[in-house]
Amino acid sequence: MRELGEFALIARMNGGRRQSSGVLLGPGDDAAVVAAPAGRYVVSTDMLVQDRHFRLDWSAPRDIGRKAIAQNAADVVAMGAAPSAFVVSLGCPADTPVAFVDEFVEGMWAEARRAGGSIAGGDLVRSPLLVISVTAFGDPPDRPVLRSGARPGDIVAVAGRLGWSAAGLAVLASGADPEKFPEVVAAHRVPQPPYDTVLGMPAAAAITAMADVSDGLLADLGHLAEASAVSIDVDSAALADPALRPVADLLGADPLGWALTGGEDHAFAATFAAGQQLPEGWRAVGRVAAGTGVTVDGASWDGPGGWESFAEGG
């Protein structure tokens, strides 16, 4: 990086890229121009910091790039919006190899394309460690899906895998051979938000509220329950995942705990009007009722509640 220089690297990062239809003007001017076909757009931002959100000895540059985009795209999709553009700021040491940045950028673009958008621009600065900030833009439906619409009697459903990222993190942290469980380790390195289960949902689907599961199912359902002034009960049997049992047995862990409190899967949790058939890719895991808070099988959960940035050890 020190030898190539900032502007040559920026040109290298942007060369030959084709923008999505949501980006009217990409890198090259003082700012990008992003389309807003509905007269407004959904926007979200998030950060990743080296050794807190990723480790260079656990994740390849391409993995880190994909993860940075995925966690932001998932927030936009959780509002029912289709991702259109991403703006990325990267801080890195001067001795960062150019090949590292090349792979990181390829990962970002691969996930941006998978989500339906492109990278419209950003910033590049020298930093003592890797810091990545992403802002995502999305085209909303007529009525964005909020956390505050759940009603007593609604069905609670999820789309995507739960507990896989936590299981992968546990494997890596334990020192166990990651090749024994490549799928859960890959799920931790690169989340796989099921964008199409939301964006391809039939118009008749009576979804009432939704959230991206980034901090853990209980934590994110707790945000939804609080915003909607309701209570939610989760059926633990509906969360059983046979694929996690061998990992849990090896590590002496509880796979239910991973499913309930493990973050960074970036699945989607939503509530649907009672009595309707769930769209393809969704499975029922609980029910909304009057009251407050979130319970599991009718009782309070005694274990950790999920990720919290400023908690001890978080």
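Contact here means heavy atoms within 4.5 Å. Keep that in mind as you click around this predicted model.

**Stop one: Q50.** Select Q50, in the loop that runs between β3 (42-49) and α2 (61-77). Show what it touches: leaving out residues up to four places away in sequence, you should get L56, L129 and L130. Now put a distance label on L130, whose backbone nitrogen is 2.9 Å from a polar atom of the Q50 side chain. Is Q50 buried or exposed? Its relative accessibility is 16%, so Q50 counts as buried, the cut-off being under 20%.

**Stop two: the cores.** From L130, hop to L90. Beyond its neighbours within four places in sequence, L90 is in contact with L130 itself, and also with V101, F104, D123, L124, V125, V131 and I132. L90 belongs to the largest nonpolar core, which has 46 residues. Colour F86, L90, I132, F268 and W282 together: these are the members that touch the most other members. There is also a second, separate core of 23 residues, with A150, L162, V230 and V234 among them. As a general rule, nonpolar side chains in soluble globular proteins tend to be buried together.

**Stop three: S20.** Go back toward the start of the chain and pick S20, in the loop between α1 (6-14) and β1 (23-25). Which residues does S20 touch, not counting those up to four places away in sequence? They are S84, R113, G116, G117 and S118. Zoom in on S84: its backbone oxygen sits 3.0 Å from a polar atom of the S20 side chain. With a relative accessible area of 12%, S20 is buried.

**Stop four: L25.** Move along to strand β1 and select L25. L25 has a relative accessible area of 34%, so it is partly exposed. Add L24 and V33 to the selection and switch on a surface: with L25 they make a nonpolar patch, with about 250 Å² of accessible area together.

**Stop five: S236.** Finish in the loop between β9 (231-234) and α8 (245-251), where you will find S236. Its relative accessibility is 18%, and so S236 counts as buried. Not counting residues up to four places away in sequence, S236 touches L256, V296 and D297. Try two distance labels here. The C-alpha atoms of S236 and V296 are 6.5 Å apart, although 60 residues separate them along the chain. The other label goes between the side chains of S236 and D297, which make a polar contact at 2.5 Å.

Conventions. Residues numbered from 1 in each chain as written. Predicted model: local features only at pLDDT ≥ 70, side-chain atom pairs only at ≥ 80, totals over all residues. Heavy atoms only, no water. Helix = DSSP H or I, 4+ residues; strand = E, 2+ residues; numbered from the N terminus. Buried < 20%, exposed > 50% of the residue type's maximum accessible area, 1.4 Å probe, protein only. Polar contact = N/O pair within 3.5 Å; in protein donor to acceptor, adjacent residues only side chain to side chain. Core = buried A, V, L, I, M, F, W, Y, C linked by side-chain atoms within 4.5 Å. Patch = residues over 30% accessible without salt bridge, like charges linked within 9 Å, V, L, I, M, F, W, Y side chains within 5 Å. Areas by Shrake-Rupley, 256 points an atom, 1.4 Å probe, with all protein chains shown as cover. Salt bridge = Lys/Arg side-chain N within 4 Å of Asp/Glu carboxyl O.
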